[in-house]
Amino acid sequence: MPEQKGKLRKKELTINMGPQHPATHGVLRLELDIDGETVVKCTPHVGYLHRGTEKLGENRTYLAALPLTDRLDYISSMANNVGYCLAVERLFGIEAPERAKFIRTMASEMARISSHLLWLGTHALDIGAMTVFLYAFKEREWILDLFEMLTGARLTVTYPRIGGVRNDVSEEFLSSLYKFTDEFPKNIEEYETLIDQNRIWLQRTKNIGIITAEEAVNWGLTGPMLRGSGVDYDLRKYCPYDAYDKVDFDVPLGKNGDTYDRYRCRMEEMRQSARIIRQCIEKLPEGPVMTPDAPKFTLPPKERILKDMEAMIQHFVLVIKGPVTAPDGEIYSAIEAPKGELGFYFISNGTGKPYRMRLRSPSFIHASVLPLLCEGALVADVIANIGTIDIVLGECDR
Amino acid sequence: MNSKEAAEKIREMFPEEVREIREYNSQTSVIVKRDRIKDIIRYLHSDPLLNFDLLKDLCGVDYSGKKETRFEVVYHLYSLEYRSLLRIRAEVPEDDCSIDSVVDIFAGANWPERECYDLLGVVFKGHPDLRRILLPEDWEGHPLRKDYPLQSDLGEKEWKGYLDVIELAKKNMEFETK
């Protein structure tokens with residue numbers, strides 16, 4: 001072909017990234033139309049992990065649906081449990097005792113640290129900084145050990161209960177956690193020396209995946225994704241639940257809304273989390289950890305079930321039938337989970353099971369913003385963008 | 001403006017549309033007809049006194065047999081400026097199961113609308129890309145409808161669709177070896 005001499009033939013190519021791609025953090029599939037190195041069109045496909053949690057929740061009692069929430073965002077299951085319990089408590093007008101509130105606050109901040117550490121390690125690993133992964137997982141292991149000490153489980157904890165928490169904290173646990181909050185801020189500095197001034201890290205994160213404040217709000221983003229763009233919205237501050245109104249902390253904000261700013265936000269959030277945990281331990285009040293005002297919800301203690309007939313009947317009725325005096329109403333209740341706003345929308349029709357249980361998961365909304373971030377960017381930046389939105393597909397697909 | 005005042009404001013602006021304003025647990029819900037839902041949402045979004053700029057959530061509910069109109073699409077709107085939450089519930093009848101899409105007002109409504117279509121079968125008119133999202137493209141039925149069974153009635157028997165796939169695979173294998 002003599003007329004084509006000296007010309008390069010251009011052709012758009014469609015490639016399939018995932019669902020089994022290590023950088024997609026689960027089972028996300030991206031259909032990328034690429035022109036050379038530039039992404040022309042990006043179509044995310046989700047749903048590979050859909051288990052029908054909402055449908056299952058409608059067919060279980062309020063107590064029995066609690067373990068389902070562990071399997072949403074399995075990296076920070078504690079935060080999901082707290083969100084669920086809080087929503088049911090608000091629906092039924094139950095108030096957890098003060099001590100339980102502090103323990104929950106402490107535990108959700110532990111979940112935030114563990115979630116952010118996993119994000120930091122894998123995000124850095126994806127875009128070429130191997131070392132920080134090993135450092136981050138050292139501390140994450142420590143947190144998981146603390147979870148094991150508190151609840152007996154490392155990942156799917158099912159620790160909070162409707163009307164309180166399952167068991168009280170031990171002195172030994174509190175002192176180890178206090179030691180952790182002492183050392184952890186120094187470790188964050190260590191991570192920052194590894195990557196903060198690293199030229200490769202800066203080039204791969206600065207001005208990559210920019211979302212303006214207006215766009216972020218319009219797309220319904222929450223959590224660090226929204227705060228990275230400079231919008232001051234944190235449910236812990238503006239709609240306080242549990243003991244967040246009794247502790248002092250700052251909400252870190254970004255400016256440019258790029259990957260680097262979101263990284264800074266999350267790093268600062270980990271520091272604030274350590275601060276909150278510290279204050280919770282210092283201010284932890286005495287008292288019960290389960291509310292005595294809600295016998296229709298709280299299972300009687302195991303010792304009583306084995307000896308007392310009434311307690312056994314109560315246990316049986318609660319597990320099989322669920323609370324029978326449910327009000328006829330609806331509630332939307334949300335918490336600031338590590339990934340963003342985790343909302344529960346319940347419609348109750350006066351039976352022991354919710355008529356409708358809706359989960360507003362931040363990962364689902366954040367995954368939908370991927371085309372906005374990726375289109376027009378380079379293929380290599382797709383990896384950085386998947387890392388920065390910090391999604392967990394278990395929560396995205398529900 | 002708080003959510004109660006906002007609800008009254010909607011009643012003032014769209015008297016024909018609003019059916020009821022409900023209050024439970026200090027949260028306000030406005031139950032509206034579906035026909036002018038886009039106007040209502042746009043009004044809430046763009047009026048500077050209301051300024052509901054964050055669509056927290058969009059979902060559908062099946063009130064099969066409990067209410068006259070079977071479906072409802074629920075919008076949770078939040079105003080970052082006034083820090084108030086408002087719930088809009090639009091009634092969607094079963095025989096014409098569709099409602100206007102709000103994607104051009106809230107870009108973030110894209111996936112939740114697709115999910116609502118996928119799991120409840122509510123059609124969003126004007127949606128740019130209305131496909132199933134969580135379930136496979138060839139899935140039959142809408143699982144979150146109340147008449148959709150939780151478990152299949154096949155019991156121990158193998159799923160028929162699966163058998164078809166196996167048979168097809170066998171046929172293809174024969175073809176390839178020949």
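This tour moves through a predicted model of two chains, A and B, one selection at a time.

**Stop 1: the three-stranded sheet of chain A**

Select strand 6 (328–337), strand 7 (340–349) and strand 8 (354–360) of chain A. These three strands form an open sheet in the order 6-7-8, and their pairing is antiparallel. Strands of a sheet pair through backbone hydrogen bonds, in either a parallel or an antiparallel arrangement. Which strands of this sheet stand at the edges? They are strand 6 and strand 8 of chain A; each has a single partner strand, so one side of each is left without a neighbour in the sheet. From one strand to the next, the twist averages 10°.

Keep strand 6 and strand 7 of chain A on display. Ten bridges join this antiparallel pair, and the two strands form a hairpin with two residues between them. To find one position along the pair, select A:Glu336, which stands opposite A:Glu341 in strand 7 of chain A.

Turn next to strand 7 and strand 8 of chain A, which pair in the antiparallel sense over six bridges. Two bridge partners may be picked out here: A:Gly343 is matched with A:Arg360 in strand 8 of chain A, and A:Tyr345 is matched with A:Arg358 in that strand. This hairpin has four residues between its strands, and within it A:Gly350 takes a positive phi near 90°.

Now display the surroundings of strand 7 of chain A. Eight of its ten residues are buried, so strand 7 of chain A is largely enclosed by the rest of the structure.

**Stop 2: the helix across the sheet**

Select helix 3 of chain A, residues 77–92. This helix lies across strand 6 and strand 7 of chain A and runs at about 150° to strand 6 of chain A. Is helix 3 of chain A largely enclosed or largely open? Of its 16 residues, 15 are buried, so the helix is largely enclosed by the rest of the structure.

The length of helix 3 of chain A can be checked in the viewer. At 1.5 Å a residue, its 16 residues should span 22 Å; the end C-alpha atoms are 23 Å apart, which agrees. Just after the helix, select A:Gly93, which takes a positive phi of about 70°.

**Stop 3: a pair of helices in chain A**

Select helix 4 (residues 98–126) and helix 16 (residues 379–389) of chain A. Their axes come within 9 Å and cross at roughly 175°. That crossing makes helix 4 of chain A roughly antiparallel to helix 16 of chain A. Show A:Thr122, A:His123 and A:Asp126 in helix 4 of chain A, which meet A:Ile383, A:Gly387 and A:Thr388 in helix 16 of chain A. The residues of this contact divide into one nonpolar, four polar and one charged.

**Stop 4: a buried loop residue**

Select A:Leu28, in the loop between strand 1 (13–17) and strand 2 (29–35) of chain A. A:Leu28 is buried, with 25 other C-beta atoms within 10 Å. Leaving aside residues up to four places away in sequence, A:Leu28 touches A:Gly18, A:Pro19, A:Pro44, A:Val46, A:Ala367 and A:Leu393. Add A:Tyr48 to the selection: A:Leu28 and A:Tyr48 are 20 residues apart in sequence and 7.6 Å apart in space, C-alpha to C-alpha.

**Stop 5: where the chains touch**

Display both chains together. The contact takes 30 residues from chain A and 27 residues from chain B. On the side of chain A that touches chain B, elements that each supply at least two residues include helix 1 (53–58), helix 8 (213–218) and helix 14 (362–368). By class, this side of chain A has twelve nonpolar, nine polar and nine charged residues.

Next select helix 3 of chain B, residues 110–120, where eleven of the eleven residues are buried. Among them are B:Trp111, B:Cys116 and B:Leu120. What covers these buried residues includes helix 14 of chain A, together with strand 3 (54–62), strand 4 (71–79) and strand 7 (123–125) of chain B. After helix 3 of chain B comes B:Gly121, with a positive phi near 80°.

**Stop 6: the five-stranded sheet of chain B**

Finally, select the open sheet of chain B, whose five strands have the order 1-2-5-4-3 with mixed pairing. Strand 1 (18–24) and strand 3 of chain B stand at the edges, each with a single partner strand, so one side of each is left without a neighbour in the sheet. Neighbouring strands are turned by 20° against each other on average, direction ignored.

Within this sheet, six bridges join strand 2 (residues 27–33) of chain B to strand 5 (residues 84–92) of chain B, and the two run parallel. B:Ile31 has B:Arg89 in strand 5 of chain B as its bridge partner. Add helix 1 (residues 3–13) of chain B, which packs on the sheet and touches strand 1, strand 2 and strand 5 of chain B.

Terms used. Residues numbered from 1 in each chain as written. Chains lettered and ligands numbered in written order. Predicted model: local features only at pLDDT ≥ 70, side-chain atom pairs only at ≥ 80, totals over all residues. Contact = placed C-beta atoms within 7 Å. Nonpolar A, V, L, I, M, F, W, Y, C, P; charged D, E, K, R; others polar. Pairing = 2+ DSSP bridges. Axes fitted to C-alpha atoms, helices over the stretch in contact; angles between N-to-C directions. Parallel < 35°, antiparallel > 145°, perpendicular 65-115°, else oblique. Buried ≥ 20, exposed ≤ 12 C-beta atoms within 10 Å, placed from the backbone. Expected span 1.5 Å × (residues − 1).
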